[in-house]
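Reader: I would like to look closely at one part of this molecule before I plan anything at the bench. Could you start from the ring contacts, and then work outwards to whatever surrounds them?

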Amino acid sequence: MRRPRSPLLPIGCGAARAASWLALALVGSLLSREASSEEGPDLDWIDRDALAAGEVLVHAEHAERPLTALIKIAAEIDAPATAIWDVLKACELSPQYVPTVVSCRSLEKLDDGRAELFLQVVKPAFFMPTFEHVFRLDYEPYRRIDVHRVSGPIAYMEGSWWLLPQQSGKVLLIHQLEVDPGMPVPRFFVRATLKRDLPKLVQAVRERAEAQR
């Protein structure tokens, strides 16, 4: 599915608030089939020593699509892929560990259970209104989940999660996200905000998956 496109203006106080709004909303989401099902994620940017030390790695790039930020996240998780998978799919539990998420529920299962639509309600900050958005998960158990924007205020959001077994017995979790906020926010500011906030989501996924061992 191809998704909508959108605009950009100079940064100011309003733009800074908008970028924060965007990042908070995205942290509540589990986020193009940029690669085909047979292809894996780019691993060249990963510092293996830092990964082995337990760090959550984050890397920002310029996306090919105009006005779109590209973020990559990586972390090793000492838990079975099935446990990580269950956490990634459990959108209804996200309000327990993501303060900006009010609720999240499944709307419909598609393609004989290989995909699912979710409705999420987000409260970005006390001074900003609540909004809702719909996203789609496409499942390739227990290896990959693709996430697609369906509707809502964000103009473009496409991403993937990869679960890659390692020789150590751990699972390398990779998350790649491309986003266009569809509001007057410079791309560099969006990248900086996501680099700060998305690792918190991955850390929460790791803690919950490892707690299920």
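**The aromatic cluster and the sheet behind it**

Author: The count of aromatic pairs comes to three, under a rule by which rings of Phe, Tyr and Trp (its six-membered ring) pair if their centres lie within 6.5 Å, with planes under 30 degrees apart called stacked, over 60 edge-to-face and the rest tilted. This is a predicted model, in which local features need pLDDT of at least 70, side-chain atom pairs count only at pLDDT 80 or more, and totals for chains, interfaces and linings use all residues. Residues are numbered from 1 along each chain as its sequence is written, and side-chain values use heavy atoms, with hydrogens and water left out.

One of the pairs joins W85 and Y142, which meet edge-to-face at 5.3 Å centre to centre with 75° between the planes. Because W85 belongs to helix α3 and Y142 to the loop between β5 and β6, this pair ties together parts that lie 57 residues apart in sequence; helices (H or I, at least four residues) and strands (E, at least two) are DSSP runs, numbered from the N terminus. W85 is buried at 4% relative accessibility, while Y142 is partly exposed with a relative accessible area of 44%, where buried means under 20% relative accessible area, exposed over 50% and partly exposed in between, with a 1.4 Å probe and protein chains only.

Ring pairs link W85, Y139 and Y142 into a cluster. K89 lies over the face of Y139, at 4.5 Å from the ring centre, a charge being placed over a ring if NZ of Lys or CZ of Arg is within 6 Å of the ring centre and within 35 degrees of the ring normal. The backbone has a feature of its own here, since the peptide bond from P141 to Y142 is cis, with omega near -25°.

Helix α3 (residues 81-89) lies across β2, β4 (115-122), β5 (131-140), β6, β7 and β8, and runs at about 160° to β7. Contact means heavy atoms within 4.5 Å, and axes are lines fitted to C-alpha atoms, for helices over the stretch in contact, with angles running from 0 to 180 degrees between N-to-C directions. Helix α4 (residues 187-211) also packs on the sheet, where α4 touches β1, β2, β7 and β8 and its direction makes about 25° with that of β2.

As for the sheet itself, eight strands form an open, antiparallel arrangement in the order β1-β2-β8-β7-β6-β5-β4-β3, two strands being paired if DSSP finds at least two bridges between them. β1 (57-62) and β3 (101-110) stand at the edges with a single partner strand each, so one side of each has no neighbour in the sheet. From one strand to the next the twist averages 20°.

Within that order, strand β7 (residues 156-165) is mostly covered, with nine of its ten residues buried. Five bridges join strand β6 (residues 144-151) to β7, and W161 in β7 is the bridge partner of I145. The hairpin of β6 and β7 has four residues between the strands, and G152 takes a positive phi near 130° there. To strand β8 (residues 171-180), β7 is joined by ten bridges, with L173 in β8 as the partner of L163; the hairpin of β7 and β8 has five residues between the strands, and G169 in its turn has a positive phi of about 95°. β8 is in turn joined to strand β2 (residues 69-77) by nine antiparallel bridges, where I73 stands opposite H175.

V171, in strand β8, is buried at 5% relative accessibility. V171 and A79 are 92 residues apart in sequence but 6.9 Å apart in space, C-alpha to C-alpha, and the residues that V171 touches include A79, P80, A81, I84 and L163, not counting residues up to four places away in sequence.

Two further residues with a positive phi, neither of them glycine, are D111, near 50°, and D112, near 55°. D111 sits in the loop between β3 and β4 and is partly exposed at 42% relative accessibility, whereas D112, placed in the loop between β3 and β4, is exposed with a relative accessible area of 75%.
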